[in-house]
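Me: I have the sequence and the model open side by side. Could you take one part of it and walk me through it closely, then show me how it sits with its surroundings?

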Amino acid sequence: MDVALTGRLVATLSVLAVACSAAAAQPDGPSGQALGDLQQAIYQSGIGPATWHVDTVGAHPGDRVQTVEVIGNLDDARHALDRRFPGQTEVVRGHVSSDLVYRRGHDYELEGELQGLRQPGFQVFRTGLAPDGRTTVGVVGDLAAARTYIDAHYPGRTTVHGNTAP
């Protein structure tokens, strides 16, 4: 009986040792400076594309995948980020109000409303301040439909343009 009990104990300990070494072999996600550098690189890759831009980048400590909040075309963002950071990003819809920094003249309430528009045919991907004080609205999709809708709902307050700067 002692031999059988000892055999089971050895077998159980062997299984636990294999499981622990397998778990230890799985590397955690980046941390410290490496995490900061990765998140900054992801954020910088989303500045300037015509159809999308990065709103925020974040992850829980030890995560291998960074959650990337994007404003604009999510499919274009996924494709570009998967190509540059394979297996390291998960693209989700961003919220314009999550990273606002005060800049004189910006109508953030209006920009937030515009970023939140969900209309068939077009999508707002960027807002900003025009030299004349109006709010610039970059859209992807049907430019004429976007202009008609936005001009009707926010008359005289916006300048609507396509996926390039006005």
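Reply: Gly 32 and Gln 33 are exposed, on the other side of α2 from its buried residues. Keep in mind that this is a predicted model. Helix α2 covers residues 32–45, 14 residues in total. From first C-alpha to last, α2 reaches 20 Å, close to the 20 Å expected at 1.5 Å a residue.

Now turn the helix around. Leu 35, Leu 38, Gln 39, Ile 42 and Ser 45 are the buried ones in α2. Look down the axis of α2 and these buried residues fall within an arc of 125°, so they line one face of the helix.

What do the buried residues of α2 pack against? They meet β1 (52–58), β2 (66–72), α3 and β3 (89–93). As for direction, α2 lies across β1, β2 and β3 and runs at about 165° to β1. Helix α3 packs on the sheet too, touching β1, β2 and β3, and its direction makes about 165° with that of β3.

The sheet itself is worth a look. It's an open sheet of 3 strands in the order β1-β2-β3, with mixed pairing. β1 and β3 stand at the edges with a single partner strand each, so one side of each has no neighbour in the sheet. Neighbouring strands are turned by 35° against each other on average, direction ignored. Strands β2 and β3 run parallel, joined by 5 bridges. If you want a spot to zoom in on, Val 68 stands opposite Val 91 in β3.

Back to α3 for its charged side chains. Arg 78 forms a salt bridge with Asp 75, with the closest N and O atoms 3.5 Å apart. Both sit in helix α3 (residues 74–84), and because they are 3 residues apart, about one helical turn separates them. Arg 78 is partly exposed, at a relative accessible area of 33%, while Asp 75 is exposed at 56%.

The count comes to 2 salt bridges, so here's the other one: the side chains of Arg 134 and Asp 132 meet at 2.8 Å, N to O. Arg 134 counts as partly exposed at 31% relative accessibility, and Asp 132 is partly exposed as well, at 48%.

Conventions
Residues numbered from 1 in each chain as written. Predicted model: local features only at pLDDT ≥ 70, side-chain atom pairs only at ≥ 80, totals over all residues. Heavy atoms only, no water. Salt bridge = Lys/Arg side-chain N within 4 Å of Asp/Glu carboxyl O. Helix = DSSP H or I, 4+ residues; strand = E, 2+ residues; numbered from the N terminus. Buried < 20%, exposed > 50% of the residue type's maximum accessible area, 1.4 Å probe, protein only. Expected span 1.5 Å × (residues − 1). Arc of directions from axis to C-beta. Contact = heavy atoms within 4.5 Å. Pairing = 2+ DSSP bridges. Axes fitted to C-alpha atoms, helices over the stretch in contact; angles between N-to-C directions.
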